[in-house]
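User: I would like a careful, close look at one part of the model shown below, set in the context of the whole chain.

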Amino acid sequence: MRTQQRINNDIYQSISRTDATKFTVVEVRNSILEISDMYGNKNTARLFVARQIQVLENAGFIRSELIGHKKHYSKTDKFVLSNFKLIQKRSELNQPPVLR
């Protein structure tokens, strides 16, 4: 049985647009900051997006070209054919308290 890949709903909406053939972390970050204010400042949002994209790249759903600040990503056939489980970003207020 295949497990579904979990992906943040806002990131999926930004990446899955039909006109998004090539994208960067900054473009996805700007897109999710327009949609929601749950991601804090630009740096926190960029870090969140970069980590999510790295997971997708490691799983083979997207591929990268170039390096550093010029790095851009594109969707693979695996991305198009996949059935993702969309999740919402957890807010700090909804997390259970840490027991010590």
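Which pattern does the protein chain follow when read along the sequence? With that in place, please take helix α3 (residues 42–59) as the part to examine closely.

Analyst: This is a predicted model, in which local features need a pLDDT of at least 70 and side-chain atom pairs count only at pLDDT 80 or more, while totals for chains, interfaces and linings use all residues. Residues are numbered from 1 along each chain as its sequence is written, and side-chain values use heavy atoms, with hydrogens and water left out.

Read along the sequence, the pattern of the protein chain is β-α-β-α-α-β-β-α-β, made up of four helices and five strands (DSSP runs numbered from the N terminus, H or I of at least four residues for helices and E of at least two for strands). Of its 100 residues, 29% are buried (under 20% relative accessible area, with exposed meaning over 50% and partly exposed in between, using a 1.4 Å probe and protein chains only). Among contacts (heavy atoms within 4.5 Å) with a separation of 6 or more, 56% join residues 24 or more positions apart. The chain exposes about 7400 Å² (Shrake-Rupley method, 1.4 Å probe), and carbon and sulfur atoms supply 51% of that area.

Turning to α3 itself, its 18 residues should span 26 Å at 1.5 Å a residue (the expected span being 1.5 Å times one less than the number of residues), and the C-alpha atoms at its ends are indeed 26 Å apart, which agrees. Ahead of the helix, N41 caps its N-terminal end, with a side-chain oxygen 3.1 Å from the backbone nitrogen of N43 (a polar contact is a pair of N or O atoms within 3.5 Å; within protein, one must be able to donate a hydrogen and the other to accept it, and residues adjacent in sequence count only if both atoms are side-chain atoms). After the helix comes G60, which has a positive phi near 90°.

The buried residues of α3 are A45, V49, I53, L56 and E57. These residues lie on the same side of α3, because they cover an arc of only 100° around the axis (judged by the directions from the helix axis to the C-beta atoms). An α-helix has 3.6 residues a turn, so residues three or four places apart point the same way. On the other side of α3, N43, R51 and N58 are exposed. The cover over the buried residues includes β1 (6–8), α1 (9–15), β2, α2 (25–35), β3 and β4 (72–75).

Two of the covering strands, β2 and β3, are also joined by a salt bridge between K22 and E65, with the closest N and O atoms 3.2 Å apart (the definition being a side-chain nitrogen of Lys or Arg within 4 Å of a carboxyl oxygen of Asp or Glu). The structure holds one salt bridge, and this pair links distant parts of the chain, 43 residues apart. K22 is partly exposed at 46% relative accessibility, and E65 is partly exposed at 29%.

α3 is also touched from the segment after β5 (85–87), where K89 is found. Not counting residues up to four places away in sequence, K89 touches N8, M38, Y39 and F48; the C-alpha atoms of K89 and F48 are 10.0 Å apart, although the two residues are separated by 41 residues along the chain. K89 is partly exposed, at 24% relative accessible area.
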